[in-house]
Amino acid sequence: MLVADDNDSVQIVGLLDQTLNSIDGVSVHEATEALDRLSTELPHFPYRLLSIASGGENPSQRVAAATYLKNFTRRNTGAGGIISEVSREFKDQLLRALLHAEPALLKVLLELFHIVVVSEFVKKDAWPELVLELRSAIEKSSLISCLDSSWSTVNALMVLLTVVKPFQYFLQPKLVKEPVPQQLESITNEILVPLVSVFHRLVDKALTTHEWGELEMEKTLHIISKCLYFSVKSHMPSALSPLLGSFCRDMIRILDSLSFDWSVTPSDGYLLRLKTGKRSLLLFGTLVSRHRKYSDKLVPEIVKCSMKIVKHSSNISKLGSLTERIISLAFDVISRVMEIGPGWRLLSPHFSLLLDSAIFPALALNERDISEWEEDADEFIRKNLPSELEEISGWREDLFTARKSAMNLLGVIAMSKGPPVSTTNKASSAASKRKKGEKNRINNQRRSMGDLLMLPFLSKFSVPSKSNILDANTSAAYFGVLMAYGGLQEFIQEQNPEYVASLVRTRVLPIYSTSDCSPYLVASANWVLGELASCLPEALAMPDQEEISCYPVRVSAAGGICSLLENEYPPPEWLPLLQIIIGRIGKEDEEDSILFQLLKSVVESGSQDIAMHIPYIVSSLVSNMLNFIDPSEDQWSQATVGGLETLAAMSQTHEISKPETDEEENQATETWLTGQGTISKALSALLQHAWLATDVPPTSCIDHFSKMLWFIALASTNCNVAVELRLADLLVVWADLLASWNGWEESEDLSVFDCIEEVVSISTKYEFRSFLYRDMPSPPAMPVRPRSVVESIGSFVSKAILEYPSATRRACSCVHTLLHVPDYSSDIEGVRKSLAVVFSEAAFSHFLQLREKPCSLWRPLLLAISSCYISHPDVVECVLEKVVSGGFELWVSSLAFSYSLTLDASPPSIASEVKLYVLTLVKVIELLLDVRQGNATDDLVRKCFVSLMEASRRLEEIAEETDDDEDDGEPEEEEEEESDENDSNDEDSESDDECEETEEEFLERYAKAAAELEDSEVIEEADEEDDEREIDLGHLNEIDTQKLVLSLMERHHQKVVKLVPSEVISTFLNAFPAYTGFFT
C-alpha cells in the first residue's frame, strides 16, 4: 500500500502509469520530465517511490517505481550528487522491501541496492549495522530456519551477494599489498562462516535428490557458491581460510554428481546444479592461482575432479553450451595447476592420458563444427580461427569453448620441462653464451614436453597429399593436428628456423597441393601458418566446392596473411598477392569488406616496397568500385566504406614514397610523377562519380574523400592539370559537404585539416573564383548567393573549434591560413570579415569554458582571436564584448598572461606564433594608448608591454638560432648518427640483461601507475604533436616586426619606463641595443 493516500503519491502513481501505458514517446517523455520536477519539489520523494515499489497495485507499477528510484539514486548519489548520505530509515525500508520482492522487482531493487551499498558500505564504511541485520534476515528466512517465514532465503542471499560482489576487486590500487577490507572480514565472520555449514548440509540433502526438483535449494547452493567465489577472488578473509577444505570438498561432490549424458534433456534444477559446478571450477582456478598458501593441500583432489570432467571432451559436439563451459573450465583449472610448483609432480604421470583421451578429442573436427560452418560461418571463424580482422574473427570473452581451453593446456604442457639432466661445465658455459631465445630453449639441458610428447604424438597422424587422400574420420583428426600446432605456437616459436620450416613444409604445405583436400583442413592450415605468405594467396582465391562453401577458407586466409604481415613476415613478391586480392573484390559482397581490410594491411605493411604498384592497384580498384557505388544512396555499405578507406590510405602511402630530389634519381622521380598522375585521375573520376553525377551528393565518408582530394590538389602541378581533374568543381561540393558534416567526432581524422591547408594554397595559387566568391544561380533557382568554398570551410572550422576538443589546435591553425593566405580584394573583403566574426566568437566561447584553469589549448584559442583582431579589430572587439561583458579586456589580459605562462614553462620555439604575439600586442597597445587615450588601466598596459618586450626578444633569439643551425649543418647530423648508434648499443646491452618481472615488482609498478593516474590532472584531449607546427601567416610574414616595435617605443617610451620593471627593460635592451636612446 502507499505511504499515504495523499495527492502527491497519487500524482506519482499516475505519472508512472503514463510511462507504462502511453504508446507514443512524447507522452513518456512528458511524464518523465514531470517526475524529474517532482523529485526536486516533493519532500521524501524517494520514500514515496520505495513505498510504491513495495506496495503498488500491480507488478508493472512496482517495477516502474523501482526503476525510476534506481535511476534517481544513481544520478544523485556520489560525487556531484545532491544526496551526500542515505538515511538509516531509507536503508532499512529498502532492505525489508528486498526480502519480500518478487523476482522481476527483486532484480531492479538489487540494482538500486548495489548503488547504495557501494556508496554507503564499501566506500564510506557508514553502514555498520548492515552485516548484523543481513545475518538476522538470513537466519530467519524460510529455507534456513525451516519455519514458515515470509522472508525468502533466495532473496536474502541475493542481498548478501550484492554486498559481497564489490569486494571481488582490489579497492585501493595505489597500495602495493592491500589488506583484506574490514567490511569483508566482518561479512565473513558473521555470515559466510555459518553459511559454510549450511552449504554442507544442503549439499548432503541435494545429493540424495535425484529428480533435481527442489529449485529453491539448488538456487541457494548456486548463490552461496557465488558469494564464496567473490569473497576469495582477490582477498582471503582470515576466518575463511581454515574452512577452504570443507566447502571445496562439497563443491567437488557437486561436480562429481554432474551427468554428461547428452541424450537426457536437463531440467531447471539440473541447470542450476550445472551453474553451481561452473562457479566451483572458477573458484578452484582462483585458489590455485592466487591463494597457493592455503590451497596446496587441496590441489590433488581438485586435479582428480578436473581430470574426470575433461575426459568427456569427446562428446562436446552433443553437449549443451553450459556443460561445454564446465569442461572448458576444468581444462583451465588443470592449466593453472601446471603453472604452480606441484603441478609437474601431480600431472606428469597423466600427460599421455590427458593428450589422448581429453585434449586431442576436443581439438578434432566434430559434427557441431560442420553444422556451424554451414549455418553460421562467421561464428565458426570467431571460435576456431581467430585473427586480427576484428569484424570477422577474433576471440571474444563470451566465446569460451572446450577447444580453446584444451589448446591452452596443450601449450602449457608443451612448454613445461622434465627433471634437470646433469651437464658439463663446458657445455653449460657454451650454452650461457647463446642468444636469449636459444638460451631459453636449452636452459639446464632440460627437454620440454613439446619435444618429448606433443610432436611425437602429432606425427602419428598422416598428412594429406596427392597420394594420400584422407577419409572423413582421418581428415577430422588431422584438423585436430593443425589446431594443436596453433596451440603450440609459443613452443614452436622457440625452435630454430630450420626446424620450423621443416615442420611446416612436411606437415602443412602438402595440404595446399592436394586437389581434393577438405576445406576444413585448408582453413585451419591458413590459421597456423607462421612463415608461408606465399601459400595463403592461393587459399584466398579458393572457389566454393559443389556442396561446401569455402568462405571460411578465404576469410581465414585473409586473417592469416594479416597476422604474417604484422609479425614482419612479408611475401616473397607483393604483386601476385595484390593481384589476387584485387581479382576477388566485387565477386562476393560479404567478402569485400574483409578483402579491403586485408588490402589496407598489405599497403601499410608493404609501404615503400609496394609504392610502385599503387597506381595499378588504385586504377583497378576505382574501375571496380565505380560499378557498385550508387551516388543516390546516402549511407553506403561496409564494403564500400572499406574500399574508400583503403584508397585514401594508398594515396597517402604513395605520397610518402616520393623520392628526394637528386640528379641521380631523375628516373625514379619521373616514374613517381607518372604514378601520381595515374592515381589523381582515378581518384578524380571516383569523386566526380560520387559527387557530380547527382544533385544531392551523399554525405558519407567525408574523411576518406578529404584524403583523396588532398592528393588530387598535390598532384595539380599546373593550372591545366587542375582543370583536367575538375578540381575547382570538386572543391565546391566538398566544401558544402564539409560545412554540414557532423561525423568528425566519430572519425577524429586530422587529415581533413591537411586537406584544408592544401586547398587554400592551391586555390590561391590558381585563383579559383569559386574559392572566394560564387555567383547567383540562374533562374528558376532561388536568388540566393551560395556560400563560397572558403565560407563553407570556415563554417566547419568554427564548429571544430567550439565542439571538437581534439581538433581545436588544428582548427585554430586553419584560422590563420584562411584569414591571411588568400588575397581578399576590396569587393569581397566582407567574406574575410564574416570569417573573422565566426572564428573569434567560436574561439572566445571555447576559451571561456577553459578560463578557470590555464591549459595547453589557451594559446591556440587566443592566437586564433589575434588573427581575427589583426584583420578586423573593431568588429572583433564588438564580438568579444557581445559574448561577455568586458570580453575584450579579458582577451587582452589572457593573451599577455598566456605568453608569460608559456615562457615560464619553456620558451616558445615557433617563430610564426611569436611573431603573431608581437603583431597583436603592438596593435592592442596602440589601441589602448592612442585611441582610448588613457581609459585603459595601467595594469593591463603594463602586462601588454612586458609580454611584447619578451616576445620581441624571443623572436630575435629564434632568428639567431635558425642562422646557427644553417651554419652547422652536417656535423650535427653526424653527431646525431653517432648518438643513435650509442643508443642502439645501450638498448642491446639492456636487452641482454633483461630479467622477468617478479610479482612484487609487478604490484609495485601498477600501484605507482594507479597513483599517478589518480593524481594527474585531466588534460584536454588534443594532438600534442601540433604544438610544433608552424602557422601560416600569409601576407603577415612580410611585415617587419622590429620596425613596428621601434615605432611604438619611440612614441611611448616614457610610458614604458613608468610601468615596466627595470629588469625587463634591461634584458630587452641587451637584445636590442638600438633602442637604448629611448630609455636614457
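When I speak of a contact today, I mean heavy atoms within 4.5 Å. With that in mind, among contacts in the protein chain between residues at least 6 apart in sequence, 73% join residues at least 24 apart. Please keep in mind throughout that what we are looking at is a predicted model.

Let me begin with the chain as a whole. The protein chain has 53 helices and 0 strands, and of its 1080 residues, 51% count as buried. There is a largest nonpolar core with 325 residues, and within it Leu160, Trp734, Val797 and Trp891 touch the most other members. Helix α48, residues 911-931, gives this core its largest share, 12 residues. To take one of those well-connected members, Val797 touches Ile756, Ala811, Cys814, Val815, Leu818 and Phe839, if we leave out residues up to four places away in sequence.

Now let us go to the beginning of the chain, to helix α1, which covers residues 7-21 and packs against helix α4, residues 59-76. How are the two arranged? Their axes are 10 Å apart and make an angle of about 100 degrees, and because angles from 65 to 115 degrees count that way, α1 is roughly perpendicular to α4. On the α1 side of this contact we find Val13, Leu16, Asp17 and Leu20, which meet Ser60, Gln61, Ala64, Ala65 and Tyr68 in α4. Sorted by character, the residues of this contact divide into 6 nonpolar, 2 polar and 1 charged.

Staying in helix α1 for a moment, I would like to point out Ile12, which has its place there. Ile12 counts as buried because its relative accessibility is 0%. Its contacts, again without residues up to four places away in sequence, are Leu35, Leu38, Leu42, Phe45, Arg48, Leu49 and Ile52. The C-alpha atom of Ile12 is also separated by 9.0 Å from that of Ala34, although the two residues are 22 residues apart along the chain.

The next stop is a pair of helices further along, α10 with residues 182-207, where Thr188 lies, and α11 with residues 215-232, where we find Val232. Is Thr188 buried or exposed? Its relative accessibility is 0%, so Thr188 counts as buried, and Val232, at 0% relative accessibility, counts as buried too. Leaving aside neighbours within four places in sequence, Thr188 is in contact with Val193, Pro194, Pro237, Ala239 and Leu240. Val232, for its part, touches Pro237 and Leu240, along with Leu283, Thr286, Leu287 and His291. If you look for Tyr169, you will find its C-alpha atom 9.7 Å from that of Val232, with their positions 63 residues apart along the chain.

I would now like to turn to two loop residues with a particular backbone angle. Asp125 sits in the loop between α6 (103-123) and α7 (129-139), and its phi is near 50 degrees, a positive value in a residue other than glycine. Arg726, in the loop between α37 (719-724) and α38 (727-739), likewise is not a glycine and has a positive phi of about 55 degrees. As for accessibility, Asp125 counts as partly exposed, at 38%, and Arg726 is partly exposed with a relative accessible area of 36%.

Helix α46, residues 873-883, gives us a look at the two sides of a helix. Which of its residues are buried? They are Val876, Glu877, Val879 and Leu880, and because they cover an arc of only 160 degrees around the axis, they lie on the same side of α46. In general, an α-helix has 3.6 residues a turn, so residues three or four places apart point the same way. On the other side of α46, Asp874, Cys878 and Lys882 are exposed.

Finally, let me take you to helix α52, residues 1041-1059, where His1053 lies. With a relative accessible area of 22%, His1053 is partly exposed, since the buried category requires a value under 20%. Setting aside neighbours within four places in sequence, His1053 is in contact with Phe1078 and Phe1079. Measuring C-alpha to C-alpha in the model, His1053 and Gly1077 are 9.9 Å apart in space, while being 24 residues apart in sequence.

Notes
Residues are numbered from 1 along each chain as its sequence is written. This is a predicted model: local features need pLDDT of at least 70, side-chain atom pairs count only at pLDDT 80 or more; totals for chains, interfaces and linings use all residues. Side-chain values use heavy atoms; hydrogens and water are left out. Helices (H or I, at least four residues) and strands (E, at least two) are DSSP runs, numbered from the N terminus. Buried means under 20% relative accessible area, exposed over 50%, partly exposed in between (1.4 Å probe, protein chains only). The arc is that of the directions from the helix axis to the C-beta atoms. Axes are lines fitted to C-alpha atoms, for helices over the stretch in contact, and angles run from 0 to 180 degrees between N-to-C directions. Angles under 35 degrees count as roughly parallel, over 145 as roughly antiparallel, 65 to 115 as roughly perpendicular and the rest as oblique. Ala, Val, Leu, Ile, Met, Phe, Trp, Tyr, Cys and Pro count as nonpolar, Asp, Glu, Lys and Arg as charged, and the others, Gly among them, as polar. A nonpolar core is a set of buried Ala, Val, Leu, Ile, Met, Phe, Trp, Tyr and Cys residues joined through side-chain atoms within 4.5 Å.
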